[in-house]
Amino acid sequence: MTGPQPMKPTQFLDSRGKTATPYRALWGVLLLGWVVSYADRTLTGPVVSWMLANDVGFIGEANDPRALGGLVGSLFFTGYMLTQYPGGRLGDRFGHREMIVLSLLWAGVMTALSGIVVGLIAFVGARVLTGLGEGVFYSNDRTLILNNTPPKRRTLGLGVVISGLSIGLTIGIVCTPLLIDWGGSLGMGTESWRVPFVVFAVFSIAVALGCWYFFHRHLGGKLHLGPPLLRLIAVSVPLLAAVLLLFVVADELRWPTWGTAIGSGVLAVVVIGVIVARLRRTPESATLLGRDIVIVYIAYIAILWNLWFFSFWSVEIVREAASSSLLAAALTAAFNAGAGILGFPAGGWLADRALRRGYGRKPLLVSFTVVYSLLVFVFALSIGDGQKPSLLLLGTILFCSGLFFNALQPIAQGITGDLVPEKQRGSAFGMLNLVSEIGAVASPVVSGVLRDATGSWAVGTWVAGGIMLSSGVLYLLVREQRPSLVSA
């Protein structure tokens, strides 16, 4: 196992590792990017729940509405997943700043389009396009933080910034029903579900412009968006065509929704196979496809499975289990998402502290994974015993599990970033999310199908916890590399 590499100077650090410009400002800008990005993608779940509750729209009128609602979420993540690795590679080549700004602008425009289009196929196309644009954010965000933050604060930076995910999830879950009600008060009736898409899009575009201004003034000067935009379009067009073709063929042949989800998974596997085959012919394969990082790629599938099981379906789970209103269910489910506001930075801080004391981060990662899995099993028991649980009980379990779940994520990401050289981090995080997004693609639709087949959300919850527990075993096999903790 190779030892830690010496730190290279960056825009925010000089050659001795001393602070040159305020890297914490970068954290704040990227945090806002996570907020709007996750609000944009999370609102689909509450919108689907509203359609189910009111038997309206293309979801409410379907024969298997929950499976179809889960499929819409899965197709979004098919698009989101397929640009993970290309986005990281484009960032390594054209600049990570440029890809961040393009991702946010693209997502804002496509979120607005999602609220304007008419018909199921057009809506699916708009959501897939949203996913294709948002897919390039993660790998470039993680790389900017690691490359521009002092080593002893890197995991904390990863945690602080990604806490915007929880803020965005909370905003998406809580504000979507309120915005739908506002649309109803404006006389929009069954079209009220369109309002959240348009409102959230405005904020996404505003944050994108704010990121552009910050990067231009404080991190590298002028941005060159044209070349990476053209390459991103070239990558996205065939991927959009493939996903929509799959959906249209499935609709014409009356495939079951789980069959379409399997088709999405096959498409993802083909893309992963092509990328891996190309990588194996390059010198980068030794690091990007090394034993330890591949184990992390696979183990991280469980994180995305659980993230989007609860993010997409938690409102509906709580609403059914507690027989509550949509707003009450959304407020209760928000405890799970909101826990990340504390969990993400706490996990990063604890990991950095463990590094400074010479313990490493892996013991924390494994223990947090096990504790979270056990809490998921408790949640499954609470909704599956035939009784009506209280909102207080469900909210408490969701909050406690969310603390551990969110804390473990920056720890895993920090370990991933230290397994490869600095110049390959965009590609590494792209591969991490490309592989792990299999969980996000499969989770909403598989869980929806299990609910329709069994009449209970408990089975899907047991599956989510079991998958997460198995990932803890995989983390035990990873040989962690620790960075050189240069003082700053």
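This short talk walks through helices, aromatic rings and a nonpolar core in one predicted model.

Hi everyone, a word on ground rules before we look around. Because the model is predicted, local features need pLDDT of at least 70 and side-chain atom pairs count only at pLDDT 80 or more, while totals for chains, interfaces and linings use all residues. Residues are numbered from 1 along each chain as its sequence is written, and side-chain values use heavy atoms, with hydrogens and water left out.

Let's start with helix H20, residues 458-476. Helices here are DSSP runs of H or I with at least four residues, strands are E runs of at least two, and both are numbered from the N terminus. How far apart should the ends of H20 be? The expected span is 1.5 Å times one less than the number of residues. For the 19 residues of H20 that gives 27 Å, and the end C-alpha atoms are 28 Å apart, which agrees.

Now, which residues of H20 are buried? By buried I mean under 20% relative accessible area; exposed is over 50%, and partly exposed is in between, with a 1.4 Å probe and protein chains only. The buried ones are Ala458, Gly460, Thr461, Ala464, Gly465, Met468, Ser471, Gly472 and Tyr475. Looking down the axis of H20, these residues fall within an arc of 165 degrees, so they line one face of the helix. That arc is taken from the directions from the helix axis to the C-beta atoms. On the other side of H20, Val473 and Leu476 are exposed. The cover over the buried residues of H20 includes helices H14 (291-322), H17 (362-384), H18 (391-417) and H19 (425-454).

Two of those covering helices deserve a stop. In H14 we find tyrosine 300, which counts as buried at 1% relative accessibility. Contact, by the way, means heavy atoms within 4.5 Å. Leaving aside neighbours within four places in sequence, tyrosine 300 is in contact with Tyr138, Gln409, Ala412, Gln413, Leu432, Ser436 and Tyr475. You may remember Tyr475 from the buried residues of H20. Tyrosine 300 and glutamate 437 are 137 residues apart in sequence, and their C-alpha atoms are 8.5 Å apart in space.

In H18 sits threonine 416, which is buried with a relative accessible area of 0%. Beyond neighbours within four places in sequence, threonine 416 is in contact with Ile293, Val296, Phe429 and Leu432. Glycine 395 is in H18 too, and with a relative accessible area of 4% glycine 395 is buried. Not counting residues up to four places away, glycine 395 touches Thr332 and Phe335.

On to the rings. How many aromatic pairs does the structure hold? There are 16. Rings of Phe, Tyr and Trp (its six-membered ring) pair if their centres lie within 6.5 Å; planes under 30 degrees apart are stacked, over 60 edge-to-face, and the rest tilted. One of the pairs is tryptophan 34 with tyrosine 138, edge-to-face at 6.1 Å centre to centre and 90 degrees between the planes. Tryptophan 34 lies in helix H1 (residues 23-42) and tyrosine 138 in helix H8 (residues 137-147), so the pair ties together parts 104 residues apart in sequence. Both tryptophan 34 and tyrosine 138 are buried. Phenylalanine 214 and phenylalanine 215 have ring centres 6.0 Å apart and planes at 65 degrees, so this pair is edge-to-face. Ring pairs also link Trp34, Tyr38, Phe137, Tyr138, Trp308 and Phe429 into a cluster. In that cluster, tyrosine 38 has arginine 41 over its face, 4.0 Å from the ring centre. The rule for a charge over a ring is NZ of Lys or CZ of Arg within 6 Å of the ring centre and within 35 degrees of the ring normal.

Last stop, the core. A nonpolar core is a set of buried Ala, Val, Leu, Ile, Met, Phe, Trp, Tyr and Cys residues joined through side-chain atoms within 4.5 Å. The largest one has 144 residues, and those with the most contacts inside it are Phe215, Trp308 and Met431. Which helix gives the most to this core? H14 does, with 22 residues. As for phenylalanine 215, not counting residues up to four places away in sequence, the residues it touches include Leu26, Leu30, Ile100, Val101, Leu144 and Leu223.

Thanks for listening!
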